[in-house]
Amino acid sequence: MEGSSSLEKLRGYFNQGHTQSYQFRKEQLSKLKAAILEYEEELYEALRQDLKKSREESWVTELGFVMAEINAALRNLKRWMRPERKGTNLVNLPSSSRVMKEPLGVVLVIGPWNYPFMLLMNPVVGAIAAGNCVLMKPSEFAPATDAVMKKMIEQIYPPEYILYVQGEGQRVIPAMMQQFAFDHVFYTGSTEVGRIIYKMAAEKLVPVTLELGGKSPCVIEADANIKVAANRIAVTKFSNAGQMCVAPDYLLVHESVLESTLEAIRDFIPVMYSAKPEEDDGYCRIINERQFDRIEKYLKEGKLVCGGRTDKSRLFIEPTVLRDVSPDAAVMNEEIFGPVLPVIPFRTMEEAIKIISRHPNPLSFYIYTSSRKKEAAWLQAVPSGGACVNNCSWHLTNHHLPFGGRGFSGTGNYHGKYSFDTFSHAKAVMKTPYWFDPKIKYPPMKGKLKIFKWVIR
Ligand code: NAD
């Protein structure tokens, strides 16, 4: 655990102004980019050890994802840092107005285990771009990736600028948050722990970004392209063995296309992972026994359409589709976060909305339909952090879009310019020339009401 002196060193480094310039920030981002390439092989190996991720999946969802975020920051940083000119209202003329993007100071970034590299590094890219000092806290449940990240970060950054702290979250994080007032806490992980972080931050009035989980619903309307829908749903749902915050948690399928949907998903799974996914290099494993036991219980809560096989010694759970699932079953009331997909038919939109409303404000919402009218009706009916139409999860790979939840699924957002803004303070600045200083603005005020009422009418 870090003593207060290391944390104070971060504060000292920030206060000395090192991180303010464009040049400095650009150099740090470039260093990170070069280090990712230098550590590429070690990171692949670590991600394979922690989650059995393939090199391809690791590049697309972890290393490459962060590279794309760095590239976007490097391309746009100068523009993002520029003060934004704003209009000035009548009473303040001839002043001029602008918004300065000020670094927050020392920020704490806390990562989860499911994308242990990307979900820790991506917010750090935003924090660096915005000119902050950072304390990085990875999840202790992906130890191989954690070890490589520590080595990499300590090689490229001095600890008074970016400090990497390992350890058990429930011990390390409260201790640090109690002894030190961070300028921002950026947390990714479960809603349960998010609540604890929020409370600790509130004690010191520290602003937070919370990237949480939840049950992201996926709806298939009668007019959807079933084959394409099934492929897109299956690829997202079973990627990383379902341990993805934006995975479609469950499917609501119009009853007229239920059978064809089930058939299409069942047929596509072996195309992706062969008939023996336990042997397939491209199929991930569950992170640990605790998660394995939790997910395995869901397999008994419906009728198997496909999958259902498990092997605890290898932390393997087959891609599984369930039907005849009760909305009251645990699998429909807890975030699944594993390769189990319950499918529930619906007749009317109202019926489906009733099921979705049991878990309001999901992180994502997915609707498959060919009708613009239905698309609009569904998007309006289901408030969510983000959404895709005729797709699942890909919205998060577009750094032009904000990524984040609402309510139970989180607060705040990031990616691209949104990350820069999250880690910056928007400072309102007004500049007033000396040459115009009308008496009307100074007391005595008696007798001026008529003019004031003319100005603000
Ligand atoms: P987690 O809450 O167990 O752990 C996340 C981090 O919190 C870790 O660094 C851990 O050390 C720390 N932590 C754990 N207990 C703590 C405590 N008592 N006090 C302070 N810190 C503590 O989450 P997880 O299991 O690692 O991740 C899975 C969850 O994260 C799922 O719910 C998933 O949906 C969510 N998630 C959300 C996003 C998103 O972008 N919104 C992304 C990935 C995962």
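In this predicted model, helix H2 meets helix H4 through Tyr 22, Arg 25, Lys 26, Leu 29, Ser 30, Leu 32, Lys 33, Ile 36 and Leu 37. On the H4 side, the residues in this contact are Trp 59, Leu 63, Val 66, Met 67, Ile 70, Asn 71, Ala 73, Leu 74, Leu 77, Lys 78 and Met 81. By residue class, the contact of H2 with H4 comprises 14 nonpolar, two polar and four charged residues. H2 spans residues 22-38 and H4 spans residues 55-81; their axes come within 10 Å and cross at roughly 165°. Because angles over 145 degrees count as roughly antiparallel, H2 is described as roughly antiparallel to H4. The handedness of the crossing of H2 and H4 is left-handed.

A second helix pair is formed by H12 (residues 349-356) and H13 (residues 372-381), whose axes come within 11 Å and cross at roughly 30°. Angles under 35 degrees count as roughly parallel, and H12 and H13 are therefore roughly parallel to each other. The crossing of H12 and H13 is right-handed. Met 349, Ala 352, Ile 353 and Ile 356 of H12 make the contact with Ala 377, Trp 378 and Ala 381 of H13. In the contact of H12 with H13, seven residues are nonpolar, with no polar and no charged residues.

The description now turns to the sheets. Strands of a sheet pair through backbone hydrogen bonds, in either a parallel or an antiparallel sense. One open sheet consists of six strands in the order S5-S4-S3-S6-S7-S17, with mixed pairing. Strand S5 (162-164) and strand S17 (410-411) each have a single partner strand, so one side of each is left without a neighbour in the sheet. At the S17 edge, two bridges join S17 to S7 (residues 208-211), and these two strands run antiparallel. Within the sheet, Glu 211 stands opposite Gly 410 in S17.

Helices also lie across strands of this sheet. Helix H6 (residues 143-156) lies across strand S4 (133-137) and S5, and runs at about 150° to S5. Helix H7 (residues 169-179) lies across strand S3 (106-110), S4 and strand S6 (184-188), at about 155° to S4.

Further along the chain, strand S13 (residues 320-323) is covered on both faces. Thr 320 and Leu 322 on one side, and Val 321 and Arg 323 on the other, are all buried. S13 is joined to strand S10 (residues 303-306) by three bridges, and the two run antiparallel; Leu 322 in S13 is the bridge partner of Leu 304. Three bridges also join S13 to strand S14 (residues 340-346), here in a parallel arrangement, with Val 321 opposite Leu 341 in S14.

Strand S16 (residues 386-389) has one covered face, formed by Gly 386 and Cys 388, and one uncovered face, formed by Ala 387 and Val 389. S16 pairs in the parallel sense with strand S15 (residues 364-368) over four bridges. Val 389 in S16 stands opposite Ile 367.

A single residue completes the description. Gln 291 belongs to helix H11 (residues 289-298). Its relative accessibility is 11%, and because buried means under 20%, Gln 291 counts as buried. Apart from its neighbours within four places in sequence, Gln 291 is in contact with Trp 113 and Ile 286.

Technical notes:
Residues numbered from 1 in each chain as written. Predicted model: local features only at pLDDT ≥ 70, side-chain atom pairs only at ≥ 80, totals over all residues. Heavy atoms only, no water. Pairing = 2+ DSSP bridges. Contact = heavy atoms within 4.5 Å. Axes fitted to C-alpha atoms, helices over the stretch in contact; angles between N-to-C directions. Parallel < 35°, antiparallel > 145°, perpendicular 65-115°, else oblique. Left-handed = near helix turned anticlockwise from the far one by under 90°. Nonpolar A, V, L, I, M, F, W, Y, C, P; charged D, E, K, R; others polar. Buried < 20%, exposed > 50% of the residue type's maximum accessible area, 1.4 Å probe, protein only.
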